[in-house]
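Here's a short set of exercises to work through with the model open on your screen. Try each task before reading its solution.

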Amino acid sequence: MDSKPQGFFGKLFHSLGLIIRSLFGRVSKLFDRIIYDNRLSLLFSFIFALAMCISINYTDLQGRFFKNDSVTLNMPNIPVEVFVDTNAYEVTGVPSVADITIEGDTADIQLVRTQNSAAITADLRQLTEGTSEVTLEVSGLPTGLTVKVNPSTVQATLAKKYTKTFFVSPDLIVGNGQSPNAYNEPTLSSRSVTVRATRDKLNSIRSIRAIVDTSSYEGEFTADVPLVAYDGAGKQVNVSITPETVQATVTLVQNNHESTSKDKDKETSESKASNADSK
């Protein structure tokens, strides 16, 4: 004869034991019913096999039934637009182009190909002088795509610009069949310009030249010509020049010779006439 449990915990454990034995007995009866019943055993086997199949091929089934086919599109050499005050700062360290890798469903990828509206930007407007890490942002793409930029971040350096005035000298460039000795030195509409650049670039400039190219002209002409900055080694210096062009007037040396010859002939004729009158 079983002794009755004593105390609260004894009664609690006794009750839990009865419940567990009851559940185990019901499960055992259900299992026996399934095993010994042909229809239930087949149904149970089918459900078990289906569960195993789904668990093994879950990733593939998820891709087929719960999401569209994924497509990858590589877009190389997309121009990078830099947002910065170019009058105040010069920027280095930001590439001119970057690559984009896009992943998404076929319809969205086809839309990207058709519109060709992907853009990459580097926003430096909140930065000051110095070097900072900047994230390249992508815009112009449909939502729901996975987008990667290469490079994703860059080290952008901002250098403050300064202003200095330089003297301009003409640089005459003649074409084939033309001689530099046939031209007088070009006359420029302005002999001084303002250059805005970083302090290092301003210090490297040795001359500002107005490039006068005669190859497209015959005889005398007047034209707007570009201005170029050069360093001590004769290499171009990329700076902002104001104004960007000046007006150059080019005259021929031979015209002056003809004029001088005509004046001499006129003086000779007048001298001969004067001598004839005196006689």
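**Exercise 1. Work out the strand order of the open five-stranded sheet, then find its edges and its twist.**

Solution. Go across the open sheet and you'll read its five strands in the order 6-4-1-3-7, with mixed pairing. Next, look for strands that pair on one side only: these are the edge strands, strand 6 (137–139) and strand 7 (146–150). Finally, the twist from one strand to the next averages 35°. Keep in mind that you're looking at a predicted model.

**Exercise 2. Describe how strand 4 and strand 6 pair, and find the bridge partner of Ala-119.**

Solution. Strand 4 covers residues 119–123, and its pairing with strand 6 is antiparallel, over three bridges. Start from Ala-119 and cross over to strand 6: the bridge partner there is Ser-139.

**Exercise 3. Place helix 4 on the sheet and say which strands it touches.**

Solution. Helix 4 spans residues 106–115 and packs on the sheet, where it touches strand 1 (70–83) and strand 3 (97–105). Compare directions next: those of helix 4 and strand 3 make an angle of about 145°.

**Exercise 4. Sort the residues of helix 4 into buried and exposed, and explain why the buried ones line one face.**

Solution. First, pick out the residues under 20% relative accessible area. In helix 4 the buried residues are Asp-108, Ile-109 and Val-112. Now look down the axis of helix 4: its buried residues fall within an arc of 100°, so they line one face of the helix. What do they pack against? The buried residues of helix 4 pack against strand 1 and strand 3. Ala-107 and Thr-114, on the other side of helix 4, are exposed.

**Exercise 5. Inspect what happens at the two ends of helix 4.**

Solution. At the N-terminal end, Asp-105 acts as the cap of helix 4, with a side-chain oxygen 3.1 Å from the backbone nitrogen of Ala-107. Then go to the other end: just after helix 4, Asn-116 has a positive phi of about 50°.

**Exercise 6. Decide whether Thr-198 and Ala-223 are buried or exposed, and list what each touches.**

Solution. Take Thr-198, which sits in strand 10 (residues 192–198). Its relative accessibility is 9%, so Thr-198 counts as buried. Leaving out residues up to four places away in sequence, Thr-198 touches Glu-90, Ala-159, Lys-160 and Lys-161.

Now do Ala-223, found in strand 12 (residues 221–231). With a relative accessible area of 12%, Ala-223 is buried too. With residues up to four places away in sequence again left out, Ala-223 touches Tyr-217, Val-246, Gln-247 and Ala-248. For one more check, find Leu-188, 35 residues from Ala-223 along the chain: their C-alpha atoms are separated by 9.9 Å.

**Exercise 7. Trace the pairings of strand 11 with strand 8 and strand 12.**

Solution. Strand 8 (residues 153–173) and strand 11 (residues 205–213) run parallel as a pair, over six bridges. Here Pro-170 has Ala-210 of strand 11 as its bridge partner. Strand 11 also pairs with strand 12, this time in the antiparallel sense over five bridges. For Ser-207, the bridge partner in strand 12 is Tyr-230.

**Exercise 8. Zoom out and give the helix and strand counts and the buried share of the protein.**

Solution. Count the elements and you get six helices and 14 strands. Of the 279 residues, 23% are buried.

Terms used
Residues numbered from 1 in each chain as written. Predicted model: local features only at pLDDT ≥ 70, side-chain atom pairs only at ≥ 80, totals over all residues. Heavy atoms only, no water. Pairing = 2+ DSSP bridges. Helix = DSSP H or I, 4+ residues; strand = E, 2+ residues; numbered from the N terminus. Axes fitted to C-alpha atoms, helices over the stretch in contact; angles between N-to-C directions. Contact = heavy atoms within 4.5 Å. Buried < 20%, exposed > 50% of the residue type's maximum accessible area, 1.4 Å probe, protein only. Arc of directions from axis to C-beta. Polar contact = N/O pair within 3.5 Å; in protein donor to acceptor, adjacent residues only side chain to side chain.
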